[in-house]
Amino acid sequence: MKIGIVKHLNARPLTLYFEKSPEFTPVYENPSVLIELLKQGELDCALVSSIECERNKDQFDYTKIVGVCARDVVRSVLFFQNQMEPGIPNVVYTDKGSRSSVCLLQCLFHLEYGKKIEVIPTDAKEISKMMDSGIGSHLLFGDHALLQTPIDGYRAIDLAEWWNRITGLYFCFAFWAYPKGKEWDNQIFLKALEYGLKELPTIISEEKRLPIAITERYLKQELHYIPEKKNLDGFALFIETAKGLSLL
């Protein structure tokens, strides 16, 4: 079976089992691409942005038994506010890899400022170049956010922390989704997570782009993979807010 694998560090505890098992053929891509491959019938299952699970629930079922979740800090979903811009930006250039992160940013601007911002999906490498030149405000997610070095004139705002401050709730960034009619036993996703958590020392030691202490804190403390009630309540509020803004 072909299974869509998110190619970022935050997903490794959920996906490593499927990458190692001969029963599955992994397809590595960003969540925004994986949902399109799922729609085209090219995948049997994929880890996709949580917002896409709701946007496409007429076509797909999804499980909330596991997911990419955060409480109050996530580190890998960051809004870089250009402090040279006057006031609140009207436009934000957003990493085109994750649609949940983009929708979350739009919901946060609405909840905080009562404003609906325009977003322009942009390649992450182009965003880094624009930031180096001091052009625009931006959103980066996943490894792109983790590896982005601080840039003078920009304030980095963690979206999970922002969401928690406003709502008092947690957030779910991604879930496993699959076409309606295809039966998936939730136990396989729990089994995969159990395997991934046992292999965390290996995942951490193999990550050479970041200091081990940061990788360990990120995967063991800042992220968690079994949604808690405050994650699910936060997800429900997220969907309700997105609906109110016609973002679904």
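In this predicted model, Phe 18 has a relative accessibility of 0% and therefore counts as buried. Residues under 20% relative accessible area are classed as buried. Trp 176, at 1% relative accessibility, counts as buried as well.

These two residues also belong to the aromatic pairs of the model. A search of the whole structure finds 21 such pairs. The ring centres of Phe 18 and Trp 176 lie 5.1 Å apart with their planes at 70°, so this pair is edge-to-face. Phe 18 sits in helix H1 (residues 12-20) and Trp 176 in strand E10 (residues 171-179); with their positions 158 residues apart, the pair links distant parts of the chain.

A second aromatic pair is formed by Tyr 62 and Phe 175, and this one is stacked, with 5.7 Å from centre to centre and 25° between the planes. Because Tyr 62 belongs to strand E4 (residues 60-70) and Phe 175 to strand E10, the pair ties together parts that are 113 residues apart in sequence. Tyr 62 has a relative accessible area of 19% and is therefore buried. Phe 175 counts as buried because its relative accessibility is 0%.

Phe 18 and Trp 176 are also members of one aromatic cluster, which further includes Tyr 17, Phe 24, Tyr 178, Trp 184, Phe 189 and Tyr 195.

Strand E10 leads on to the sheet. Strands of a sheet pair through backbone hydrogen bonds, either parallel or antiparallel. Here, six strands form an open sheet in the order E2-E1-E3-E10-E4-E11, and the pairing is mixed. Strand E2 (25-29) and strand E11 (223-224) stand at the edges with a single partner strand each, so one side of each has no neighbour in the sheet. Within the sheet, strand E3 (residues 45-49) and E10 run antiparallel and are joined by four bridges. Val 48 stands opposite Phe 175 of E10.

Another strand, E6 (residues 91-95), contains Asp 95. Asp 95 is buried but has no salt bridge, and the nearest side chain of opposite charge, that of Lys 96, is 8.1 Å away. A salt bridge would require a distance within 4 Å between a side-chain nitrogen of Lys or Arg and a carboxyl oxygen of Asp or Glu. The side chain of Asp 95 does reach the backbone nitrogen of Gly 97 at 3.0 Å, and also the backbone nitrogen of Phe 141 at 3.5 Å. Leaving aside neighbours within four places in sequence, the contacts of Asp 95 include Val 102, Thr 122, Leu 139, Phe 141 and His 144.

How values were computed. Residues are numbered from 1 along each chain as its sequence is written. This is a predicted model: local features need pLDDT of at least 70, side-chain atom pairs count only at pLDDT 80 or more; totals for chains, interfaces and linings use all residues. Side-chain values use heavy atoms; hydrogens and water are left out. Buried means under 20% relative accessible area, exposed over 50%, partly exposed in between (1.4 Å probe, protein chains only). Lys and Arg count as positive and Asp and Glu as negative; His and the chain ends are not counted. A polar contact is a pair of N or O atoms within 3.5 Å; within protein, one must be able to donate a hydrogen and the other to accept it, and residues adjacent in sequence count only if both atoms are side-chain atoms. Contact means heavy atoms within 4.5 Å. Rings of Phe, Tyr and Trp (its six-membered ring) pair if their centres lie within 6.5 Å; planes under 30 degrees apart count as stacked, over 60 as edge-to-face and the rest as tilted. Two strands pair if DSSP finds at least two bridges between them.
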